[in-house]
Amino acid sequence: MKEWYEKIKEAQSVETLEEIRISVFGKKGVLAAEFAKMKSAPNEEKSKIAKELNAHKSSLMNEFTARKITIQTMELQEAMKKESIDVSLFSTSSQAGALHPVMETMDKIVEYFSSMNFTVKTGGMIEDDFNNFEALNLPKYHPARDMQDTFYFKDEMLLRTHTSPVQIRTMMSTKPPIRMIAPGAVFRRDYDLTHTPMFHQIEGLLVDKKGKVSFANLKYILEDFLKYMFGDIEVRFRPSFFPFTEPSAEVDISCVFCEGSGCRVCSKTGWLEVLGCGIVDPNVFEAVNYKDVSGYAFGLGVERFAMLIHKIGDLRSLFEGDIKLLEQFQ
Ligand code: DAH
């Protein structure tokens with residue numbers, strides 16, 4: 001009998017233990033055999049043998065149950081070890097790309113004006129003098145051309161300095177009424193903290209019958225648009241000058257960095273200039289042969305919007321392709 005105690009203790013799996021159980025407690029097992037042998041023992045010894053065998057039976061059963069619990073616990077722990085996931089491991093999945101902050105901002109602006117029924121128009125990046133300057137009431141030698149020094153090709157062709165020529169091209173090819181925006185890249189001979197030789201603008205133009213478009217309409221839509229872009233901010237209109245609009249205004253929002261209390265970014269004024277606008281100058285309508293119409297126009301720099309929305313300090317960093325910067329916008 002002794003050996004079975006050893007065997008139970010040494011069993012390493014539930015299967016081996018089950019084999020032992022059958023060998024010990026089964027119908028043809030050792031205990032059954034011992035009880036059978038007892039029958040042929042002398043009568044006076046039978047009760048002693050029976051007692052011993054019953055004692056073995058119950059203590060073997062106890063050993064068996066205890067060992068079974070131990071093995072099951074061991075097996076469970078082993079399985080948990082194997083199946084566990086190391087959450088500290090680096091993911092090997094490939095990285096998803098994301099829109100550049102300038103494109104994302106452009107999309108958001110386009111989304112707003114599309115919802116207001118403006119259609120999107122695009123022109124070419126290479127323009128002629130007529131569309132980029134002349135028709136926009138910027139005659140040759142006009143001092144305002146200085147603000148938009150650009151890169152010239154032969155034959156009076158140039159890299160467009162603003163998206164305003166798309167106004168002209170649209171009016172030349174369609175009849176009023178017009179509600180359009182023109183997003184796209186523009187070029188100037190400029191390079192510093194707030195200027196890059198290439199940047200993006202969005203131009204807006206609305207034309208309808210004479211007397212149907214007012215400065216109030218323009219003010220309403222731009223205020224609504226700026227609140228859509230920047231959230232809870234103040235908006236103010238300042239008189240300004242653009243050759244293609246009269247009257248003209250520049251639009252400021254309360255500084256998104258200091259909320260209007262005055263800081264380095266807003267030069268302690270509490271205001272940030274974000275776009276130019278005005279009522280379309282009659283000279284522009286004349287250049288495109290539009291009669292008895294009125295309209296408003298506006299133009300804005302997309303990089304400037306992106307910088308203010310994401311609080312980026314240096315415009316040039318948007319064009320350096322610095323992954324560390326771009327990753328923050330995923
Ligand atoms: N074209 C101007 C620029 O590049 C921006 C602009 C200002 C466009 C006023 C407009 C406007 O249509 O009305 O600086």
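This is a short tour of the ligand site and one aromatic pair in a predicted model.

Local features here need pLDDT of at least 70, side-chain atom pairs count only at pLDDT 80 or more, and totals for chains, interfaces and linings use all residues. Residues are numbered from 1 along each chain as its sequence is written, and side-chain values use heavy atoms, with hydrogens and water left out.

**Stop one: the ligand.** Select the ligand and its shell, meaning residues with a heavy atom within 4 Å of it. You should find 16 residues, with His162, Ser164, Arg188, Gln201 and Glu203 the closest. Five of the shell residues are nonpolar, nine polar and two charged (Ala, Val, Leu, Ile, Met, Phe, Trp, Tyr, Cys and Pro count as nonpolar, Asp, Glu, Lys and Arg as charged, the others, Gly among them, as polar).

**Stop two: polar side chains.** Now show His162, where a polar side-chain atom lies 2.9 Å from a ligand nitrogen. Move on to Ser164: an N or O atom of its side chain is 3.0 Å from a nitrogen atom of the ligand. At Glu203, a side-chain N or O atom is 2.6 Å from a ligand oxygen.

**Stop three: an aromatic pair.** Finally, select Phe113 and Phe225. Rings of Phe, Tyr and Trp (its six-membered ring) pair if their centres lie within 6.5 Å; planes under 30 degrees apart are stacked, over 60 edge-to-face, and the rest tilted. By this rule there are twelve aromatic pairs. The ring centres of Phe113 and Phe225 are 4.8 Å apart and their planes are at 45°, so this pair is tilted.

Technical notes. A polar contact is a pair of N or O atoms within 3.5 Å; within protein, one must be able to donate a hydrogen and the other to accept it, and residues adjacent in sequence count only if both atoms are side-chain atoms.
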